[in-house]
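Hi,

Here is the structure I said I would pass on. Have a look at it first, and my notes come right after.

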Amino acid sequence: MTAEECVFCKIIRGELPSWKVVENDFAIGILDTNPTAEGHCLIIPKRHVRYWHDLNDAETAAVFNTAKTVAKQIKKAFKPDFVCVFIRGGRVKHAHIVLFPSQEGDKLSGFPQSILGTAEINFDDVRMKIISAG
Ligand SMILES: [Zn+2]
């Protein structure tokens, strides 16, 4: 998916409407159009990047600081027990931080194991593969 076709890039360029809650040099924050709760927001880097770990250091800091600021605003405005973060970039192939207001005991409790289960792994092997990939 190119930046020309990307829904988030179209929103950033002002070609599609959104409910924007914040904008700075590196990111915008908008309400999710399919919210799970009041305050469910997306923090989207302005540069078209699929994977969040491909953001440069300045973008990473700015995008995560924007997410933190909006999370505090959500917490103050709607009083959820938590403001959770999820980042994947699967449905829309442009990295975005999802901010989920969450309550103690809701379906996000215990996530991701509550949804994905627990894998049986060799901890020493997995640890060494991660370290060796650095
Ligand atoms: Zn994009």
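Below is what turned up, going from the overall layout to the zinc site, the salt bridges and a few single residues.

One thing to keep in mind: this is a predicted model.

**Overall layout**

The chain has four helices and five strands. Reading from the N terminus, the order of elements is α-β-β-β-α-β-β-α-α. If you put a box around the C-alpha atoms along the principal axes, it comes out at roughly 50 × 35 × 25 Å. Of the 134 residues, 30% count as buried.

**The zinc site**

Which residues hold the zinc ion? The protein donors are Cys-6 and Cys-9, each through SG, plus His-48 and His-94, each through ND1. These donors sit 2.0 to 2.3 Å from the zinc ion. The angles among the four donor atoms run from 105 to 118°, and the site is tetrahedral. If you want to find the donors in the sequence, look for the spacing C-x2-C-x38-H-x45-H.

Cys-9 belongs to helix 1 (residues 7-12), while His-94 is in the loop between strand 4 (82-87) and strand 5, so this pair ties together parts that are 85 residues apart in sequence. Buried or exposed, then, for Cys-9 and His-94? Both Cys-9 and His-94 are buried.

Val-92 is in that loop between strand 4 and strand 5 too. With a relative accessible area of 15%, Val-92 counts as buried, because the cut-off for buried is under 20%. Its C-alpha atom is 15 Å from that of Gly-29, a residue 63 positions away along the chain.

**Salt bridges**

Side chains of opposite charge can pair when their charged atoms come close. The count here comes to five salt bridges, and these are the ones I would look at.

- Glu-23 and Lys-46 meet through their side chains, at 2.8 Å from N to O. Glu-23 is in strand 1 (residues 20-23) and Lys-46 in the loop between strand 3 (41-45) and helix 2 (57-78), so the two tie together parts that are 23 residues apart in sequence. Glu-23 is partly exposed at 42% relative accessibility, and Lys-46 is partly exposed as well, with 26%. There is also a network of salt bridges here, which links Lys-20, Glu-23 and Lys-46.
- Arg-13 pairs with Glu-15, and the closest N and O atoms are 2.7 Å apart. Arg-13 counts as partly exposed, at 36% relative accessibility.
- Lys-129 pairs with Asp-125, at 3.5 Å from N to O. The two are four residues apart in helix 4 (residues 123-132), so about one helical turn separates them. Lys-129 is exposed, with a relative accessible area of 56%, whereas Asp-125 is partly exposed at 36%.

**Helix 4**

That last pair brings us to helix 4. How many of its 10 residues are buried? The number is zero, so helix 4 lies largely in the open. Its N-terminal end is capped by Asn-122, with a side-chain oxygen 3.1 Å from the backbone nitrogen of Asp-124.

**A nonpolar patch on the surface**

Phe-86, Phe-111, Ile-115 and Leu-116 make a nonpolar surface patch of about 400 Å². Phe-111 is in the loop between strand 5 (97-102) and helix 3 (113-116). Its relative accessible area is 34%, which means that Phe-111 is partly exposed. Patch members need over 30% relative accessible area, and the 34% of Phe-111 fits that.

**Ala-62 in helix 2**

One more residue to look at is Ala-62, which is in helix 2. Ala-62 is buried, with a relative accessible area of 16%. Its C-alpha atom is 8.7 Å from the C-alpha atom of Asn-24, although the two residues are 38 apart along the chain.

**Where to start**

If you open the model with little time, go to the zinc ion and its four donors, Cys-6, Cys-9, His-48 and His-94. After that, have a look at the network of Lys-20, Glu-23 and Lys-46, and then at the patch made by Phe-86, Phe-111, Ile-115 and Leu-116.

Cheers

Key: Residues are numbered from 1 along each chain as its sequence is written. This is a predicted model: local features need pLDDT of at least 70, side-chain atom pairs count only at pLDDT 80 or more; totals for chains, interfaces and linings use all residues. Side-chain values use heavy atoms; hydrogens and water are left out. Patches are made of residues with over 30% relative accessible area and no salt bridge: like charges are joined within 9 Å, nonpolar side chains (Val, Leu, Ile, Met, Phe, Trp, Tyr) within 5 Å. Accessible areas come from the Shrake-Rupley method with a 1.4 Å probe; for residues, only the protein chains shown count as cover. A salt bridge is a side-chain nitrogen of Lys or Arg within 4 Å of a carboxyl oxygen of Asp or Glu. Buried means under 20% relative accessible area, exposed over 50%, partly exposed in between (1.4 Å probe, protein chains only). Donors are N, O and S atoms within 2.8 Å of the metal (3.2 Å for Na, K and Ca); water is not among the atoms, so sites may look incomplete. Four donors count as tetrahedral if all angles lie between 85 and 135 degrees; four count as square planar and six as octahedral if opposite donors are over 155 degrees apart and all others between 65 and 115; anything else is irregular. A polar contact is a pair of N or O atoms within 3.5 Å; within protein, one must be able to donate a hydrogen and the other to accept it, and residues adjacent in sequence count only if both atoms are side-chain atoms.
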